[in-house]
Amino acid sequence: MPKGKTSLIRLSWFDWHSWIGATLGLMLFSICWSGAFAALSSEIDWVLNPAMRVQNHSGEINIPAAFSVVTRAYPNARIELFEEPPYDYFAARFSVITDIGARRYVYVDPQSLQITGEQSIFTVQRFFREFHEALFGLYGIGKFVIGIFAIPLLFSLVSALVFYRRWWQRFLDFRAAKTAVSFWSSVHKLAGLWSIWFVLLIAITGSWYLYEEARYKLGDHKFALVDSFPLAVNILPKLEISDDNKKEISHLIDVARTVRPDMHITKIYPNRAGYFYVIGQSDDWLVRDRANKLFINPKTGQVVFNQYADQLDTYWRWSEMADPLHFGSFGGFVTKIIWGLFGLVLAGLSLSGGWLYIQKQIKKRSKRLKWRGTLLAAVIVSLLPLAITPIIWIFLYRIGGKINGEYVMADVSVNVTVFLATWVFVTAAIHVAWIAKCYRLLRRGVPG
C-alpha cells in the first residue's frame, strides 16, 4: 500500500478517535468518574457512617444471634436481608422494613452482637450504583444510555491502537514537553497505554450489560437462570407459609451449611417469595455471590434448589463474572483501589482527548462552523446526566418506604448529603469548565 494512502488511513482513525473525545468525552467522563467512586462506595460509606465501624474482629459472626438481636429491637419489623461484613472492621448489615413501613439499614457489631446504629437505605453506595448503572432509571432507558457508551469506548481504544504506530514499544516513552499542549499530549498517550487492559475490560463488560438489558427488555424478559420471580428462566413456585410454621433461623442455616459445606454464606433473604434464600462464595473465583445459591423450604427445611457456580454453562457463568470484573470486587480492597484509580485515569483520558484535538484543529485554522457543531454535540451529550435530577427525587420517594399507603422520601444522613452534594457540584463544575475552556479556545483561535 502506498505510503500516502497509509497515512490517510491513520489520519482517518485519528479523526474518529478524536471526534469521540470531543463529542462524547463529557458523557464518558461522567460514566467513568462515577464508576471510580462506585468501586469504592461501600468503603466511603464506612468512613461517613460511624455505625458501620467496629473493632477489628476475626471469625464468623453468629448469624442466628444477630437475627435475634434485630428481631428484639424491631419486634414488628420485617427483615428483608442479612449481609455479612465484607471486612473485619465492618459491621454486619440488615435491611428491614419497620412497623410503619419505612425501609432502614440496621448495623450489628459481629463481636458484641450489639446494634451500632441505623440509617436510610439511600447511601453513597446506593447513589453511585443507581447513577453509574442506569442514571437513576432515566425514564426506563437509563441502562441502555449507559451501556451504549461502551461501544464508542471500545472503538476509541481500537482506533488509538491503529493510528499510534509501534504503541507496544512506547510504554516508557515520555518526551520532554515544551508547551502545555505537548505535555498533556504525552500524559494522555502514556496514561492511555497503561490503561489498555482496563479500557478493554470495561468496554467488554459494559457491552455485555447493554446486551443483557436489550435481551431482558426487548427479548425474553429473563435476567437469571433460576429464581422465585418471573425474571428467571426456571421459576420456582411461590410458597405461602406463615411465620408460625417456619423453622428456626439457626436450623435453616445449619441445613444450608450441611448441604453446602463449601459455601461461605454472605447474604440471607429470610423470605424470598416464601423461601429461605442463601447465597455466598465457594471455591470458584471471579463470580458474584448469587452464583452459589440455595432455596430452602422454611417449613420443612428441605433444599428445593441448590446451584453451584462451577456447574453453570458458559453463558450464565460469564453473566456471574461480569460484575466482579467490571467493579474489581473479586480481590477485596486492593483490587477496588486499583479499579478506582484506573477509573479516574479513564475519566481524565475522556476529557483530555477532546481538548487536545480542539487545540490541534485551532492550529490548523479549521473553520468555526464545523467546530461549533462539534461543541454543540458535546454540550447536548454532557447534559444527559442533568436529566436525572427529577428522577433522583422520585427514587428517594420510592425507596423511602410506603407509610399509610403513600410513599415517603427516604431520609438521608448529613454526612452522606454533604458528600454527594460536593461530588455533584465538582462534577458539574468540571463539565462547565471543560465546555467554557473549549468555547474560549474556539473563539480565540478560529477565524470567522
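A nonpolar patch is made of residues with over 30% relative accessible area and no salt bridge, with side chains of Val, Leu, Ile, Met, Phe, Trp or Tyr joined within 5 Å. The exercises below apply to a predicted model.

**Exercise 1. The nonpolar patch**

Task: state which residues make the nonpolar surface patch, which helices supply at least two of its residues, and how Ile 204 is classed by accessibility.

Solution.
1. Leu 154, Val 158, Val 162, Leu 200 and Ile 204 make the patch, which covers about 340 Å².
2. Helices α6 (150-163) and α8 (196-219) each supply at least two of the patch residues. The most comes from α6, with 3 residues.
3. Ile 204 is placed in helix α8. Its relative accessibility is 41%, so Ile 204 counts as partly exposed.

**Exercise 2. Strand β9 and its neighbours**

Task: determine whether the residues of strand β9 are buried or exposed, and find the strands that pair with β9.

Solution.
1. Buried means under 20% relative accessible area. In strand β9 (residues 292-296), 5 of the 5 residues are buried, so the strand is largely enclosed by the rest of the structure.
2. In a regular strand the side chains alternate between the two faces of the sheet. Here Asn 292, Leu 294 and Ile 296 point one way, while Lys 293 and Phe 295 point the other way; all are buried.
3. Strand β8 (residues 275-281) pairs with β9 in the antiparallel sense over 5 bridges. Opposite Leu 294 of β9 stands Val 278.
4. Strand β10 (residues 303-307) also pairs with β9 in the antiparallel sense, over 4 bridges. Phe 295 has Phe 305 in β10 as its bridge partner.
5. The link from β9 to β10 is a hairpin with 6 residues between the strands, and Gly 301 in the turn has a positive phi of about 80°.

**Exercise 3. The second largest pocket**

Task: give the volume of the second largest pocket, name the residues closest to its centre, and find the helix with the largest share of its lining.

Solution.
1. The volume of this pocket is about 1,200 Å³.
2. Its lining has 42 residues, of which Phe 14, His 17, Phe 163, His 188 and Lys 189 are closest to the centre.
3. Helices α1 (3-39), α6, α7 (180-194), α8 and α11 (332-363) each supply at least two lining residues. The largest share, 10 residues, belongs to α11.
4. Phe 14 is part of helix α1. With a relative accessible area of 18%, Phe 14 is buried.
5. Phe 14 and Ser 159 are 145 residues apart along the chain, yet their C-alpha atoms are separated by 6.7 Å.

**Exercise 4. Positive phi outside glycine**

Task: locate Leu 113 and Leu 135, give the phi of Leu 113 and of Leu 135, and class Leu 113 and Leu 135 by accessibility.

Solution.
1. Most residues other than glycine have a negative phi.
2. Leu 113 has a positive phi, near 55°. This residue sits in the loop between β3 (103-108) and β4 (115-120). At a relative accessible area of 21%, Leu 113 is partly exposed.
3. Leu 135 also has a positive phi, about 50°, without being a glycine. The loop between α4 (124-134) and α5 (142-148) holds Leu 135. Its relative accessible area is 1%, so Leu 135 is buried.
4. The cut-off that separates the two classes is 20% relative accessible area.

How values were computed: Residues are numbered from 1 along each chain as its sequence is written. This is a predicted model: local features need pLDDT of at least 70, side-chain atom pairs count only at pLDDT 80 or more; totals for chains, interfaces and linings use all residues. Side-chain values use heavy atoms; hydrogens and water are left out. Buried means under 20% relative accessible area, exposed over 50%, partly exposed in between (1.4 Å probe, protein chains only). Two strands pair if DSSP finds at least two bridges between them. Patches are made of residues with over 30% relative accessible area and no salt bridge: like charges are joined within 9 Å, nonpolar side chains (Val, Leu, Ile, Met, Phe, Trp, Tyr) within 5 Å. Accessible areas come from the Shrake-Rupley method with a 1.4 Å probe; for residues, only the protein chains shown count as cover. A salt bridge is a side-chain nitrogen of Lys or Arg within 4 Å of a carboxyl oxygen of Asp or Glu. On a 1 Å grid over the protein atoms alone, a cavity is a set of points where a 1.4 Å probe fits but cannot get out, and a pocket is an open set with protein on both sides within 12 Å along at least five of seven lines; lining residues have an atom within 4 Å of a point. Grid points are joined across faces, edges and corners, and a volume is the space filled by probe spheres set on the points.
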